[in-house]
Amino acid sequence: MTRQKVFGISGWKNSGKTGLAVRIVTELAARGYRVSTIKHAHHDFDIDKVGADSWRHRQAGAHEVTIVSGTRFAIMHELRGAAEPSFEEILARIAPCDLVLIEGYKYEPVPKIEARRKDAAKTEPLAPSDPHIIAIAADHLIPESTLPVFDLDDTGRIADFIEATVGLERPSK
């Protein structure tokens, strides 16, 4: 099986990762690509509401809960003390698409852009110690970088860079 094309966004908390991811998905989808996303969280999270049927199924001990409607489906998998699945295991569960955009997973060996904001929780650059960071998107000047640097809000140029980096070919209309 051919591995999905993957591109990542790394950065510290409040560095602009989510906003950049949303803008990139919007831009690439408008260009005709099918883009899927994976977001890694370092905290517990919930996607269904307390008291909902799916929540009740999980609370009862279900290993996986799948919710299906005419517009979407979602699968929630409870680890119940098991180890967090590897990046490769999660990637294998993603349906075929043109690009999988990753938010987080700082240490995975995939091409990444580092998001930087002056007001981020931490401002220590990740790029010098991560050879997989191949560009920077920042809200301030980065004069010392040998990597390509984009304005954090220049979504079009960043999307062009991602297309070229992973070898996306625009779908014909």
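Just after helix 1, Gly32 adopts a positive phi of about 100 degrees. The model in which this backbone conformation occurs is a predicted one, and the helix that precedes Gly32 comprises the 14 residues 17-30. At 1.5 Å a residue, helix 1 should span 20 Å, and the separation of its end C-alpha atoms, 20 Å, agrees with that expectation.

The residues of helix 1 that are buried, with under 20% relative accessible area, are Lys17, Leu20, Ala21, Ile24 and Leu28. When helix 1 is viewed down its axis, these buried residues fall within an arc of 100 degrees, and they therefore line one face of the helix. Thr26 and Ala30, by contrast, lie on the other side of helix 1 and are exposed. The cover over the buried residues of helix 1 includes strand 1 (6-10), strand 2 (35-39), strand 5 (99-103), strand 6 (112-116) and strand 7 (133-138), together with helix 4 (155-166).

Helix 4 was examined in the corresponding manner. For its 12 residues a span of 16 Å is expected at 1.5 Å a residue, and the end C-alpha atoms of helix 4 are 16 Å apart, which agrees. Thr155, Ile158, Ala159, Phe161, Ile162, Glu163 and Val166 are buried in helix 4, and the elements that cover them include helix 1, strand 1, strand 5, strand 6, strand 7 and strand 8 (149-151). Helix 1 is thus among the elements covering the buried residues of helix 4, just as helix 4 is among those covering the buried residues of helix 1. Following helix 4 is Gly167, which has a positive phi near 80 degrees.

Note on methods:
Residues are numbered from 1 along each chain as its sequence is written. This is a predicted model: local features need pLDDT of at least 70, side-chain atom pairs count only at pLDDT 80 or more; totals for chains, interfaces and linings use all residues. Side-chain values use heavy atoms; hydrogens and water are left out. Helices (H or I, at least four residues) and strands (E, at least two) are DSSP runs, numbered from the N terminus. The expected span of a helix is 1.5 Å times one less than its number of residues. Buried means under 20% relative accessible area, exposed over 50%, partly exposed in between (1.4 Å probe, protein chains only). The arc is that of the directions from the helix axis to the C-beta atoms. Contact means heavy atoms within 4.5 Å.
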